[in-house]
Amino acid sequence: MSGAASYSPELLAAALGLPVIMLLGCLSPRLRDQMAALLALAPAPALVAALLAGGGPPLVIGQALVPMVFALDAAGAMLLGAASLLWIIAGAYAFTYMRGKPNRGRFTVCWLLTLIGSIGVFMAADVISFYLVFALVSLPAYGLIVDDDTPRSEKAGLVYIAFAVLGEAFLIIGFVLLASGAPGHSLLIRDGVAALSTSPWRDPALALLIAGFAAKIGLAPLHVWMPLSYRAAPIPAAAALSGAAVKAGVIGLIRFLPFDAALPAWGEALAALGMFTAFYGVAIGLTQSNPKTVLAYSSISQMGVIAAVLGMGVASGDQHAALATAFYAAHHVLVKGTLFLAIGVAAATDTRRLWLVLLPAAVLALSLAGLPFTGGALAKLVVKGPLGYGVIGMLSMLSAAATTLLMLHFLRRLALIAADQRDTAAPAGLTLPWLAGAAASIAVPWALYLQATGGETDVFDASTLWESFWPVLLGGAAALILRHWSDRLPHVPEGDALLLGERAAEKALAFGGPFDRADVVLRQWPAAALALLALALLLGAAMLAGH
């Protein structure tokens with residue numbers, strides 16, 4: 001999102017400052033109760049800053065040894081604009097949805113904290129600032145996930161926070177290695193990334209950075225927190241987390257991956273992991289019955305596609321991949337957030353009126369697969385260049401067909417949650433934000449398309465339209481075939497791999513007794529202790545020799 005004018009540092013300060021002021025207002029119990037009505041206003045300055053992004057000067061907070069620097073480039077502005085718009089829409093929705101809920105005050109505080117991080121992460125220009133706002137967009141979301149205080153939500157919250165902390169542990173070490181290779185140990189992100197390709201710490205830094213951001217965007221096998229968390233969170237929180245907050249990992253990959261020099265091994269490995277995640281998310285999503293969980297696995301799949309685009313950009317040194325990814329992710333921000341809001345509207349609508357929800361939801365859902373004339377078709381077109389026409393490019397087309405299959409499954413599950421009572425319609429406080437999100441999901445990608453591509457491709461060309469349409473047709477045909485066997489699909493509990501880990505742990509505990517007894521015997525035998533010490537020394541010597 002870029003305008004002819006440029007933002008000012010004061011506008012960036014307002015983007016962060018307004019939600020901070022509202023958060024401080026929550027210190028008063030009386031104001032905290034009233035703040036829920038103003039949640040939709042908190043991201044407004046950030047949206048204005050994104051619309052005016054045109055190369056303004058950075059915002060520098062503090063002139064000490066480590067100042068905090070915030071700025072906006074094209075990719076950051078595009079994602080900030082889409083995320084801010086979703087936060088506005090979800091905030092308006094939350095005012096009605098959370099009315100009368102017992103934990104409304106806690107919800108408001110955690111919402112504002114997560115919002116501050118979500119805004120700041122798209123503007124942070126130095127490593128310290130990025131780490132702080134990245135933690136802010138991750139950790140307070142725990143309060144949104146456990147909002148209803150049920151055992152299910154508490155488990156989801158624990159899993160979420162474990163993966164959030166794990167990801168941040170990877171990142172802080174990666175950031176240290178990145179800064180160690182930067183000229184003069186500069187903490188500016190652009191300086192560290194520019195020197196990364198020639199840094200002696202390149203490989204460990206890249207491994208840690210990719211692992212840290214992979215945990216945030218849910219690449220397999222670090223995805224298990226996502227279906228648990230999105231299922232547990234209230235619908236407006238799930239919309240904001242799935243649409244906007246998860247993009248902290250996307251902007252992290254955009255910011256910290258080196259696109260100026262081709263790194264085929266790293267790029268192809270990331271692309272392969274992304275494609276595996278794209279199909280894995282669909283495969284497990286098809287076994288789910290709850291529409292929120294289906295959307296969670298859809299997000300896992302879409303994050304896999306995004307990782308593949310970035311991986312191919314790193315492999316070929318394609319700097320355009322960053323902006324192409326931002327465009328694709330901005331479309332996902334709005335569509336996925338709006339589809340979550342549709343669940344609440346459908347649940348409050350009777351079957352007679354349900355088509356009024358299902359029809360726009362179907363257009364949005366299929367736009368994720370690239371349905372012609374939708375923003376998704378534009379998104380697929382924009383990332384076609386970085387993905388190329390080889391194996392990854394073909395897999396991306398097949399993943400669009402798989403997305404169609406999963407989204408049709410979602411629509412079937414959505415239709416089953418309609419209200420039982422006749423003459424029931426969702427309140428305007430839910431319907432109007434949902435319709436606003438649907439309209440934005442359609443209009444915003446068209447408004448951003450020229451900025452992302454320069455209008456080089458004719459989107460109405462017959463061959464371009466067919467290239468967008470055949471995966472949707474293929475996925476639709478697969479859905480018709482699979483419908484007859486849908487009841488025979490195995491039921492995979494949400495969190496899939498986590499469940500396997502829990503079962504493995506239970507079996508391991510069953511065998512724990514003999515190992516404990518053996519350990520006691522060995523500890524009483526000095527020769528065994530000496531052998532273990534010698535083995536540890538040998539392993540340490542081998543590691544040193546390897547370096």
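Author: A pocket is an open set of grid points where the probe has protein on both sides within 12 Å along at least five of seven lines. The model discussed here is predicted.

Reader: How much space lies in the largest pocket?

Author: The general idea is that rolling a probe the size of a water molecule over the atoms shows where empty space is left. In this structure, the largest pocket holds about 470 Å³ of space. Its lining consists of 19 residues, and those closest to the centre are D73, I189, R190, I254 and R255.

Reader: Which helices each supply at least two residues of that lining?

Author: Two helices do so, namely helix 9 (189-194) and helix 13 (247-256). Helix 9 provides the largest share, with four residues.

Reader: How do the residues of the lining of the largest pocket divide by class?

Author: The lining has 14 nonpolar residues, one polar residue and four charged residues.

Reader: What volume has the second largest pocket, and which residues are closest to its centre?

Author: The second largest pocket has a volume of about 360 Å³. It is lined by 28 residues, of which K380, L381, K384, M397 and E467 are the closest to its centre. Two or more lining residues come from each of helix 18 (375-387), helix 19 (391-415) and helix 21 (462-483). Helix 18 gives the largest share, seven residues. By class, the lining of the second largest pocket contains 17 nonpolar, eight polar and three charged residues.

Reader: How many cavities of 30 Å³ or more does the structure hold?

Author: A cavity is to be read apart from a pocket, for the probe fits inside a cavity but cannot get out. The structure holds five cavities of 30 Å³ or more. The largest cavity has a volume of about 80 Å³, and the second largest contains about 60 Å³ of space.

Reader: Which residues line the largest cavity, and which helix gives the largest share?

Author: The lining of the largest cavity is formed by F134, S138, Y160, F163, A164, G167, E168, G212, A215, K216 and W225. Helix 8 (151-181) supplies at least two of these residues, as do helix 6 (127-138) and helix 10 (202-217). The largest share, five residues, is that of helix 8. Six of the lining residues are nonpolar, three are polar and two are charged.

Reader: Which residues line the second largest cavity?

Author: They are V137, I145, Y160, K216, W225, Y230, L241, A245 and V246. Y160, K216 and W225 also appear in the lining of the largest cavity. Helix 11 (225-232) and helix 12 (235-245) each contribute at least two residues to the lining of the second largest cavity. That lining has eight nonpolar residues, no polar residue and one charged residue.

Reader: Where does pLDDT stay under 50?

Author: Where pLDDT is low, the predicted coordinates should not be read in detail. In this model, pLDDT stays under 50 over residues 504-547, and the model has two contacts beyond four places in sequence for them. For the protein chain, the mean pLDDT is 87, with 88% of residues at 70 or more.

Reader: How many helices and strands are in the protein chain, and what percentage of its residues are buried?

Author: The protein chain has 24 helices and two strands. Of its 547 residues, 55% are buried. Among contacts between residues at least 6 apart in sequence, 83% join residues at least 24 apart. The accessible surface of the chain amounts to about 22400 Å², and carbon and sulfur atoms account for 70% of that surface.

Key. Residues numbered from 1 in each chain as written. Predicted model: local features only at pLDDT ≥ 70, side-chain atom pairs only at ≥ 80, totals over all residues. Heavy atoms only, no water. 1 Å grid on protein atoms, 1.4 Å probe; cavity = no way out; pocket = protein on both sides within 12 Å on 5 of 7 lines; lining within 4 Å. Points joined across faces, edges and corners; volume = space filled by probe spheres on them. Nonpolar A, V, L, I, M, F, W, Y, C, P; charged D, E, K, R; others polar. pLDDT = per-residue confidence, 0-100. Contact = heavy atoms within 4.5 Å. Buried < 20%, exposed > 50% of the residue type's maximum accessible area, 1.4 Å probe, protein only. Areas by Shrake-Rupley, 256 points an atom, 1.4 Å probe, with all protein chains shown as cover.
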